Amino acid sequence: MSSSSESYNTISIYRIELNPPCLCRNQHVSKLREAWKPNNPARRYYICTKSMISNDSCNFFQWLDPTLPKHYKDMLWNMKLRNDDLLVRNGQVVELQKKVEKHKLLRKAKKELDEARIQELIIEIESMKKMLKKVVLITLVYLLFVVMYFQLV
């Protein structure tokens, strides 16, 4: 039991700490990349840095990680697909949240406009009440004069 643990730790240390940069055939430091294909999910490899820039590369390629059993490959690939799906759904949720916030802001602005219009109408009604009181007063005064005129005649 302890030997498997020790070998695991040794492998882990080698892969993490003692993983020196790999040199390609032209003695350029190779770029560490990660494959994400169904047959090699999350499998790391080295590639000549020149191959990513121009066509004059030495076509150097070397796997860093060993091949995984099919079960693990399938599991990793399915996890990647699920993660991609979740990223898409998260993007959709973010867009919906933006629409909801925009809708809330529009509703708030409409409510504020409605309240402002209501205040304008209240002021207009108060002004009309005052004008109506004046018209009623003038009409009463006029009627009073008419009544007095007919009483005198």
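1. Ring pairs tie Tyr 45, Phe 61 and Trp 63 together as a cluster. The model is a predicted one, and the structure as a whole holds 4 aromatic pairs. In one of them, the ring centres of Phe 61 and Trp 63 lie 5.1 Å apart with the planes at 85°, so this pair is classed as edge-to-face. The two descriptors used here are the usual ones: a pair of aromatic rings is described by the distance of the centres and the angle of the planes.

2. Are Phe 61 and Trp 63 buried, exposed or partly exposed? Phe 61 has a relative accessible area of 40% and is partly exposed. Trp 63, with a relative accessible area of 30%, is partly exposed too. Buried would require under 20% relative accessible area, which is why neither the 40% of Phe 61 nor the 30% of Trp 63 is given that label.

3. Trp 63 also has a charged neighbour. The charged end of Arg 43 sits over the ring of Trp 63, at 3.9 Å from the ring centre. The ring of Trp 63 is thus part of the aromatic cluster with Tyr 45 and Phe 61 and has the charged end of Arg 43 over it.

4. On the overall layout: the protein chain contains 2 helices and 3 strands. Read from the N terminus, the order of elements is α-β-β-β-α. Strand S3 spans 61-63 and helix H2 spans 70-152, with a loop between them.

5. Strands S1 (residues 31-37) and S2 (residues 40-47) are paired antiparallel, with 7 bridges. The connection from S1 to S2 is a hairpin of 2 residues. Which residue of S2 is the bridge partner of Lys 37? The partner is Asn 40.

6. A backbone point to check in S2 is Ala 42. This residue is not a glycine, yet its phi is positive, at about 60°. Ala 42 is located in strand S2. Its relative accessibility is 24%, so Ala 42 counts as partly exposed.

7. Pro 66 lies in the loop between strand S3 and helix H2. At a relative accessibility of 52%, Pro 66 counts as exposed; the label needs a value over 50%. Pro 66 and Asn 40 are separated by 26 residues in sequence, and their C-alpha atoms are 9.9 Å apart in space. Asn 40 is the residue already named as the bridge partner of Lys 37.

8. Two annotated spans deserve a remark. UniProt, in an unreviewed entry, gives a "coiled-coil region" at residues 96-131. In the model, residues 96-131 are 100% helix and 0% strand, and the end C-alpha atoms of the span are 52 Å apart. The unreviewed UniProt entry also places a "transmembrane region" at residues 135-152. That span is likewise 100% helix and 0% strand, with its end C-alpha atoms 26 Å apart. The annotations come from the record, whereas the helix content and the end distances are computed from the model.

9. What share of the 153 residues of the protein chain counts as buried? The share is 10%. The exposed area of the protein chain is about 13,300 Å², and 63% of this area is supplied by carbon and sulfur atoms. Taking contacts between residues at least 6 apart in sequence, 36% connect residues at least 24 apart.

Notes: Residues are numbered from 1 along each chain as its sequence is written. This is a predicted model: local features need pLDDT of at least 70, side-chain atom pairs count only at pLDDT 80 or more; totals for chains, interfaces and linings use all residues. Side-chain values use heavy atoms; hydrogens and water are left out. UniProt positions are given in the numbering used here, feature names are shortened, and annotations may be inferred rather than shown by experiment. Helices (H or I, at least four residues) and strands (E, at least two) are DSSP runs, numbered from the N terminus. Two strands pair if DSSP finds at least two bridges between them. Rings of Phe, Tyr and Trp (its six-membered ring) pair if their centres lie within 6.5 Å; planes under 30 degrees apart count as stacked, over 60 as edge-to-face and the rest as tilted. Buried means under 20% relative accessible area, exposed over 50%, partly exposed in between (1.4 Å probe, protein chains only). A charge sits over a ring if NZ of Lys or CZ of Arg is within 6 Å of the ring centre and within 35 degrees of the ring normal. Contact means heavy atoms within 4.5 Å. Accessible areas come from the Shrake-Rupley method with a 1.4 Å probe; for residues, only the protein chains shown count as cover.
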